[in-house]
Amino acid sequence: VFILRDAQPQITYGVPADDYIKGDLSFTGKVYNVSERMDKRGRNFLVMSASSPIKAGHNQWDYIWVNFLRFTSKMVKAEDLVPDWLVSGVSVEILGDFQVTSYNKRIGISSRVVEMCQKETVEEGKNGETEEVAPF
């Protein structure tokens, strides 16, 4: 599930409003390409990509890809930057800042992680019936 909340075009001085959209992101999907990197000052940060399926028709799915960054902060210590459960292919729920950019005729979706947890997959409905689950 890909939800964009409170997204409003923001005019940033020197950047056309058409090239920049910012808001909050609530994301559920699968993580891929998890890697820990170091900035110029020697501080570690996490880089990962994730995809979320969107139903496009009967048994048809489209996917949205989002690039995520996670930095150390008061709430996230360096040793907790990459949780043990965070491996390629795991389902996650992520809350974060949302940004859409346009560069060289390509649209980019990125987010700075505020909260992140592993998603438990549930396939049974309230009455014991199996619900249609996105293919991730």
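1. In which strand is the place of N33? In this predicted model, N33 has its place in strand β2, which covers residues 20-38. The phi angle of N33 is near 55°, a positive value in a residue other than glycine. Most residues other than glycine have a negative phi. With a relative accessibility of 56%, N33 counts as exposed, because the cut-off for that class is over 50%.

2. For a reader new to the chain, the overall plan can be given briefly: there are six strands and zero helices, and the order of elements from the N terminus is β-β-β-β-β-β. The chain has 136 residues, of which 29% are buried. Its accessible surface comes to about 9700 Å², and carbon and sulfur atoms account for 49% of that surface. If one takes the contacts between residues at least 6 apart in sequence, 51% of them join residues at least 24 apart.

3. The pairing of β3 with β4 deserves a careful look. Strand β3 spans residues 44-57 and pairs with β4 in the antiparallel sense, over 12 bridges, and within this pairing S52 stands opposite I64 of β4. The two strands form a hairpin with two residues between them. One residue of the turn is N59, whose phi is positive at about 55°, and N59 is exposed, with a relative accessible area of 56%.

4. A second hairpin is made by β5 and β6. Strand β5, residues 91-103, pairs with β6 in the antiparallel sense, and the pairing extends over 12 bridges; as one example, G96 has V113 of β6 as its bridge partner. Two residues lie between the strands of this hairpin, where N104 takes a positive phi near 50°.

5. Strands β4 and β6 are also joined to each other, and here the direction is parallel, with three bridges between them. F68 stands opposite S111 in β6, while L69 has R112 of β6 as its bridge partner.

6. S111 itself, in strand β6, is worth following further. Its relative accessibility is 5%, and S111 therefore counts as buried, the limit for that class being under 20%. Apart from neighbours within four places in sequence, the residues in contact with S111 are L25, V66, N67, F68, L69, G96 and D97. Of these, F68 is the residue that stands opposite S111.

7. V47, a residue of strand β3, gives a view from another strand. Is V47 buried or exposed? V47 is buried, because its relative accessible area of 17% is under the 20% limit. Beyond its neighbours within four places in sequence, V47 is in contact with N33, V34, S35, R37, F68 and L69. The C-alpha atoms of V47 and R112 are separated by 9.7 Å, although the two residues are 65 apart along the chain.

8. The loop between β4 and β5 contains V87. This residue is partly exposed, because its relative accessible area of 47% falls between the 20% and 50% limits. Setting aside neighbours within four places in sequence, V87 is in contact with V31 and V34. V87 and K30 are 57 residues apart in sequence, and the distance between their C-alpha atoms is 9.8 Å.

9. The second largest pocket is the last feature for this note. Rolling a probe the size of a water molecule over the atoms shows where empty space is left. In the second largest pocket, that space amounts to about 170 Å³. Its lining consists of R70, F71, T72, S73, M75, V76, R112, V113 and V114, which divide into five nonpolar, two polar and two charged residues. Both β4 (60-71) and β6 (106-118) supply at least two residues of the lining, and the largest share, three residues, comes from β6.

10. Some residues connect these points. R112, part of the pocket lining, is the bridge partner of L69 in the parallel pairing of β4 and β6, and V113, likewise in the lining, is the bridge partner of G96. A reader checking the model might begin with these two residues and then turn to N33 and N59, each with a positive phi near 55°.

How values were computed. Residues numbered from 1 in each chain as written. Predicted model: local features only at pLDDT ≥ 70, side-chain atom pairs only at ≥ 80, totals over all residues. Heavy atoms only, no water. 1 Å grid on protein atoms, 1.4 Å probe; cavity = no way out; pocket = protein on both sides within 12 Å on 5 of 7 lines; lining within 4 Å. Points joined across faces, edges and corners; volume = space filled by probe spheres on them. Helix = DSSP H or I, 4+ residues; strand = E, 2+ residues; numbered from the N terminus. Nonpolar A, V, L, I, M, F, W, Y, C, P; charged D, E, K, R; others polar. Pairing = 2+ DSSP bridges. Buried < 20%, exposed > 50% of the residue type's maximum accessible area, 1.4 Å probe, protein only. Contact = heavy atoms within 4.5 Å. Areas by Shrake-Rupley, 256 points an atom, 1.4 Å probe, with all protein chains shown as cover.
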